[in-house]
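Reader: I am in my first year, and I would like to learn how the words used for a protein model follow from its values. Could you take me through some of them, step by step?

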Amino acid sequence: MKATLRVGPRGWGGHRTIMAAVRAAEPGTVILVQAGTYTENITLDRDVTLVAEKGPGTVRVVGGHGPALSAQGRGGTVRDLVIESPHGEPAVAIGAGTVVIEGCEITGGPVHVTGTAAPVLRDCQVHHTGEVGLYLGGDSTAVVERTVVADIRSAGVFADHGAAPVLRQAKVTRTGGHGLRFSGSSRATVEDCEISHTGAAAVAVDGAAVPVLRDCRIQDSAGVGVVVTGNAGAAAGTSPGQAAAAELGAGSEDGDGAGMSAGGSSGVTLHGCRVERTAKDGVHVTGQSVASLVDCRISDVRAAGVVVGGNARLRVEATAISDTADTGIAAGGTALAEVYRVTVTRTAANGVYVTESARLALNTTSIGDAKYTAVHADGGSRLAVRRCELRGTPEHGLRCGGSSLVLVEDTVIEDAGLAGVLVDGGDLSARRCRIGKVGTGISLETLHRPLFDECEVDGCTGIGLDVAKDTAAMVVDSRILNTGAAGVFVRERASLWLTDSTIADTRGTGLVVQERATPRVRGVSITRTAKNGLYVADRAAGRFDSCDVSATAFPAVYVGDAATPLLRGCLIHDTDEAVKLADGAEPTFLSCQVRDVKAGEIPESATGAAPGPGSAPGPGVPVVATPAGAPAPAHDGAPAGPATQEDRSESLAEVLAELEGLVGLDGVKQDVSTMVKVMQMVRQRTEAGLASPPLSRHLVFAGNSGTGKTTVARLYGRILAAVGLLSRGHLVEADRGALVGEYVGHTAPKTTAIFRRALGGVLFIDEAYALTPGGQSGNDYGREAIATLVKLMEDHRDNVVVIVAGYPEEMERFIDVNPGLASRFTRTLVFEDYDGPELVRIVEWQAGKHQYELPAETSAALLGCFESMVRDDRFGNGRTARQTFQRMTENHARRVVEMTAPSTEDLVTLLPADLPL
């Protein structure tokens, strides 16, 4: 039997005050308190039990100055009391021990738990306590069960410092501020709780706190449902660039996208929680925080469902987001987010929106019934979409804008009122995607070169693939079916690479090529079109190899005035009319065949053209045909496409003349001349149908600074374009900073983006040896850039040239870093330093360009100046010559400005006195 003591207001049967009984009690004693109000301060410093003898609410303890109840001992129990602080001071203060408070009502002042206390609050009511209901600080480990915290001016529960409380089946409601606030380095566990009717965010996490919420209901907040900021979750979460660092590049052959790391299973975690009816965002994660949402439900929020910004990391898994007044999921800043098996429905804006420099990965996610575009990438964001379903939007299924980079794989896009995929500024790679029941299948308008591989557009009311003016794209092994207009539309000056694909069942023409467009089409089948199979408009060009055109309602191939397409090895069959030409059309047919057509046979050779530009069928249309191996005619100004041998030679002669006009570089000029002859022979063998000898176009430029490497690289690209081995011949310059990322997974996407800009031209990597700086460990990201380059060079070996440049000794080391480099860079052009006379010629050229004159005595003095220069690491060769000329013009200006009336000769003549000292 436990010892029992009694307390009554008049001392009947025992003590008159509770504190007197506590002092008299032995450990284990039960103190029965009779009904009444006791104005005193109780200090529980031993293991005793205080019980309201007549049940809950019959005993009222009103504190004086200080807490009404203090617990500093090892244990003890307080049951069924009303504990009140009339002065706003803590009603209950627990600094140590494991006191249990059950069935109590606490009001007038908060519960303070500090130090190493480990109390239990069970079946209690905490209300009207002032600014905070429960304050949990220090290193305390309180357990709060089946307790209601209500009517608090600010935070219902505030966990701070290193507290690690557990809240189970608690209810926090009607707070003027946050329902739950976690700060400091607290680590709370919140299970099966309800947080509602809060004046600010229902749950707020900041500092370095790492709470875990399971099966909670968060609703009716006047602010955000859950806000996570500061470094919350970061201590336990994954640091940037680790666990999921390659998520946006994983599964992609080219590594398109951007590496990332999100919360994973660490950080601030919501598991099985419901967030409903919030006045602002459902969940907002920002700062440097790390968070995870798993198996949650977010609905009926008056702003966005989930927002991640700042430099935060977020993982959302197996979660449903619906009925939002704004976007379902939004990412901005430099945030990284991963989304797995999520459903986003009925959003009043975008389903998903990513902007600024955020990186977002969507995996096995369904997005439907969005009022705006289902998934929209903008700014400089990076987005990966894998195994997703995007359905039901009056706008676009997927939009890639700004300078964003998007990777889409194994995704279905349906029921979009506008385009299934719109690229309007960004860059996109799509693989194994299916697009249907949309307005336009794919719409492209960008300076990049989007890629579509193994994709299908089936069932659109407009054009299947629309390539806008001045846009380039690559489409491989894809199908364009059942379109309401043209299957593929290539607009003015656009450049489309279309290979191994099918265009069928179109209500318009199969493939339309507009003015000055230059598509490269190979192995494409065009069939069952309501108009032409191929329509080449006036002044258009293009090359069409091994294509099959059949079952067209209008002539299978129509060529407009001054159009210069090349058709090689094509088959036209099972249609009424094979070919129709406008006046002035100049097509070239090589090794083409016509079978089972009623008119428009392609003869062995013919001249002339069909009268009139119409595309309706008509009998007996003659066709201009060119014997195999003959040059193709070209219209003036054609930007690309097959040129005549005369035009090509003239253009090549101009570029070679420009190369020959460069000062010095005799060895380089000889090497380039030899390579040009080999390239011309390769071209001739190809046109004759012979196998091409092995030809490595990638080069190493080895030389010191200022020896003309960039200038020659630019000319080399133009030379390859002139001989027809590159489609554009432009130069894209890069260095380590442009190729190498700042964290794991960032490098491959950066390298790929630069590489794709160079397609059709030359990628020039200056100081390439910096990708593997001496003494760096094997973890340096430059090695990842090299591995990515090697693979891309193999994948696009016929459409790009890579030139790596740098100091001779460093370039030898660089080539030895990766076996793939040595096999691809088999030729090195050595750029010798300029000697004194060559440097003088560079200055003389600069002078002539800027309308200055160098008398003989000035040139002689200049030669002496260059001959006396120290040739150390700071010597810049041609750059030194240009800098010398600039200094001379500055000295000349200072000299001439002092003259009273300088003559024209004075204004243009550089004297020896103008040389820099």
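Author: Let us begin with a definition: a residue is called buried under 20% relative accessible area, exposed over 50%, and partly exposed in between. Please keep in mind that this is a predicted model.

Reader: Why is Arg174 called partly exposed?

Author: Arg174 has a relative accessible area of 44%, and because partly exposed is the class between 20% and 50%, Arg174 counts as partly exposed. The place of this residue is in strand β21.

Reader: What makes the phi of Arg174 worth a remark?

Author: The phi of Arg174 is positive, at about 55°, although Arg174 is not a glycine. Most residues other than glycine have a negative phi. Thr364 is a further case, with a positive phi of about 45° although it is not a glycine either. Thr364 is found in the loop between β41 (359–363) and β42 (366–370), and at 39% relative accessibility Thr364 counts as partly exposed.

Reader: How do you know that Arg174 and Asp151 form a salt bridge?

Author: The definition asks for a side-chain nitrogen of Lys or Arg within 4 Å of a carboxyl oxygen of Asp or Glu. The N to O distance for Arg174 and Asp151 is 2.8 Å, so the pair meets the cut-off of 4 Å. The two residues are 23 residues apart, with Arg174 in strand β21 (residues 171–175) and Asp151 in strand β18 (residues 148–152), and the pair thus links distant parts of the chain. Asp151 is partly exposed, with a relative accessible area of 26%.

Reader: Which residues form salt bridges with Arg168?

Author: Glu145 forms one with Arg168, the closest N and O atoms being 3.0 Å apart, and this pair links strand β17 (residues 143–145), where Glu145 lies, to strand β20 (residues 166–168), where Arg168 lies. Glu191 also forms a salt bridge with Arg168, with the closest N and O atoms 3.2 Å apart, and Glu191 lies in strand β23 (residues 189–191). Both distances, 3.0 Å and 3.2 Å, are within the 4 Å that the definition allows. Arg79, Glu102, Arg122, Glu145, Arg168, Glu191 and Arg214 are linked in a network of salt bridges, and the structure holds 45 salt bridges.

Reader: Is Glu145 buried or exposed?

Author: Glu145 has a relative accessible area of 14%, and because buried means under 20%, Glu145 is buried. Its partner Arg168, at 33% relative accessibility, counts as partly exposed, and Glu191, with a relative accessible area of 25%, is partly exposed as well.

Reader: Why is Val290 called buried?

Author: The relative accessibility of Val290 is 3%, and because the cut-off for buried is under 20%, Val290 counts as buried. Val290 has its place in strand β32 (residues 290–294). Val290 and Arg315 are 25 residues apart in sequence and 8.4 Å apart in space, taken from C-alpha to C-alpha.

Reader: What makes Val678 fit for a surface patch?

Author: A residue in a patch needs over 30% relative accessible area. Val678 is at 33% relative accessibility and counts as partly exposed, so its value passes that cut-off of 30%. Val678, in helix α3 (residues 666–687), makes a nonpolar surface patch of about 200 Å² together with Met681 and Leu695.

Reader: Why is helix α6 described as largely enclosed by the rest of the structure?

Author: Helix α6 (residues 747–757) has 11 residues, and eight of them are buried, so α6 is largely enclosed by the rest of the structure. Among the buried residues are Thr747, Ile754 and Phe755.

Reader: Why are α6 and α7 called oblique to each other?

Author: The axes of α6 and helix α7 (residues 781–795) come within 9 Å and cross at roughly 45°. Because an angle under 35 degrees would count as roughly parallel and one from 65 to 115 as roughly perpendicular, α6 and α7 are oblique to each other. Their crossing is right-handed.

Reader: What makes α10 oblique to α12?

Author: The axes of helix α10 (residues 836–849) and α12 come within 9 Å and cross at roughly 50°, and that makes α10 oblique to α12. The crossing of α10 and α12 is right-handed.

Notes: Residues numbered from 1 in each chain as written. Predicted model: local features only at pLDDT ≥ 70, side-chain atom pairs only at ≥ 80, totals over all residues. Heavy atoms only, no water. Helix = DSSP H or I, 4+ residues; strand = E, 2+ residues; numbered from the N terminus. Buried < 20%, exposed > 50% of the residue type's maximum accessible area, 1.4 Å probe, protein only. Patch = residues over 30% accessible without salt bridge, like charges linked within 9 Å, V, L, I, M, F, W, Y side chains within 5 Å. Areas by Shrake-Rupley, 256 points an atom, 1.4 Å probe, with all protein chains shown as cover. Axes fitted to C-alpha atoms, helices over the stretch in contact; angles between N-to-C directions. Parallel < 35°, antiparallel > 145°, perpendicular 65-115°, else oblique. Left-handed = near helix turned anticlockwise from the far one by under 90°.
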